[in-house]
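Me: I've got a new fold open and I'd like to learn how to read it feature by feature. Can you walk me through it?

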Amino acid sequence: MINHKKLFRLYREEKLAVRRRGGRKRAIGTRAPMTVPIAPNDRWSLDFVSDQLTDGRRFRILTVVDDCTRECLALVADTSLSGIRVARELDRLMIARGRPKMVVSDNGSELTSNAILAWADQNRVAWHYIAPGKPMQNAFIESFNGRLRDELLNETLFTSLAQARVALKCWRADYNDTRPHSQLGWRTPSEFALTCHPRRDLALRYAEGSAPAPVASTAQQGKSNREGELRTG
């Protein structure tokens, strides 16, 4: 037996070294600035949320959101969600809804896999990867995931994957069809998608501030309110 000190000495004498492994290869995608989505299917956001059943088994949920209409396009729950499965779910969404111009995601292994890169290339979809460690660059899906966890996942004990899928389906229907959204002019995401007018809705969403309107209008320049002056003395 050779102790670790003698082994280390021999390594130094022979100038041996253990080869260092490089970092994991990541898909580059596009890093160009993202445009503001002004119409349905301009941009979709993808992410994963994790939870567990009462017996301790963990499962994941693929969440897909349309950044313009705020619609939840999919909540896919399963014990394993590979890149091939994600590509298959995106194909299903495209059949029902149409092709997105851009998809935004983080740099998770499922979303940087060859299956996803091939899907984006074959369907001519721009795939934008956010910078590592910058979740706020995907703020729409992060906000949605927080709401999903607070309102459903943290409040429900799931005994089976089938129960979780039913609960997710009901919550998604309520979110899309019955719940008004302040950023959509107090319309539901489904209603906004049907009546979306890109130019008008873009002006309402990004031009108007959140401050309340003034109580009284300002007087025209060069004119004084003499009646008001006489009444107040």
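Reply: Sure, and keep in mind that this is a predicted model. Let's begin with a charged residue: E89 counts as buried, at 12% relative accessibility. Charged atoms of opposite sign can pair when they come close. Here E89 and R92 meet in a salt bridge, 3.0 Å from N to O.

Me: Where do E89 and R92 sit relative to each other in helix α2?

Reply: They are three residues apart in α2, so about one helical turn separates them. R92 is partly exposed, with a relative accessible area of 44%. The pair also belongs to something wider: salt bridges with shared partners join D78, R85, E89, R92 and R165 into one network.

Me: How many salt bridges does the count give?

Reply: Twelve. Another one to look at is D66 with R97, where the closest N and O atoms are 2.9 Å apart. D66 lies in strand β2 (residues 58–66) and R97 in helix α2 (residues 83–97), so this pair ties together parts 31 residues apart in sequence. D66 is buried at 0% relative accessibility, while R97 is partly exposed at 25%. You can also check D55 and R57, which form a salt bridge with closest N and O atoms 3.0 Å apart. D55 is partly exposed at 48%, and R57 is partly exposed at 46%.

Me: What about D51: which side chain of opposite charge is nearest to it, and how far away is that?

Reply: The nearest one is R149, at 5.0 Å. The cut-off for a salt bridge is 4 Å, and D51 is buried yet has no salt bridge. D51 lies in strand β1. Leaving aside neighbours within four places in sequence, D51 is in contact with R57, R58, F59, L153 and F158.

Me: Now the strands. Which strands are joined to β4 by bridges, and do they run parallel or antiparallel?

Reply: To read a sheet, go strand by strand and look up the bridge partners. Strand β1 (residues 43–52) is joined to β4 by three bridges, and the two run parallel. Four bridges join β4 to strand β5 (residues 126–129), again parallel. M102 is a handy place to start: in β4 it is the bridge partner of R43, and its own partner in β5 is A126. From β4 the chain crosses through helix α3 (residues 114–122) to β5, and this β-α-β crossover is right-handed.

Me: Which residues of β4 are buried on each side?

Reply: M102 and V104 are buried on one side, and V103 and S105 are buried on the other, which leaves both faces of β4 (residues 102–105) covered. For a helix residue, try A120 in α3, which is buried at 10% relative accessibility. Apart from neighbours within four places in sequence, A120 is in contact with V125 and W127.

Me: Any backbone angles I should look at?

Reply: Most residues other than glycine have a negative phi. R124 has a positive phi, near 55 degrees, and sits in the loop between α3 and β5. W186 has a positive phi too, near 60 degrees, in the loop between α5 (161–177) and α6 (189–194). R124 is exposed at 63%, and W186 is exposed at 64%.

Me: Last one: how many disulfides are counted?

Reply: Zero. As for cysteines, C68 is buried at 1% relative accessible area, and C72 is buried at 1% as well.

Conventions:
Residues are numbered from 1 along each chain as its sequence is written. This is a predicted model: local features need pLDDT of at least 70, side-chain atom pairs count only at pLDDT 80 or more; totals for chains, interfaces and linings use all residues. Side-chain values use heavy atoms; hydrogens and water are left out. A disulfide is a pair of cysteine sulfur atoms within 2.5 Å. Buried means under 20% relative accessible area, exposed over 50%, partly exposed in between (1.4 Å probe, protein chains only). Two strands pair if DSSP finds at least two bridges between them. A crossover is right-handed if, with the strands pointing away from the viewer, the path from the first strand over the helix to the second runs clockwise. Lys and Arg count as positive and Asp and Glu as negative; His and the chain ends are not counted. Contact means heavy atoms within 4.5 Å.
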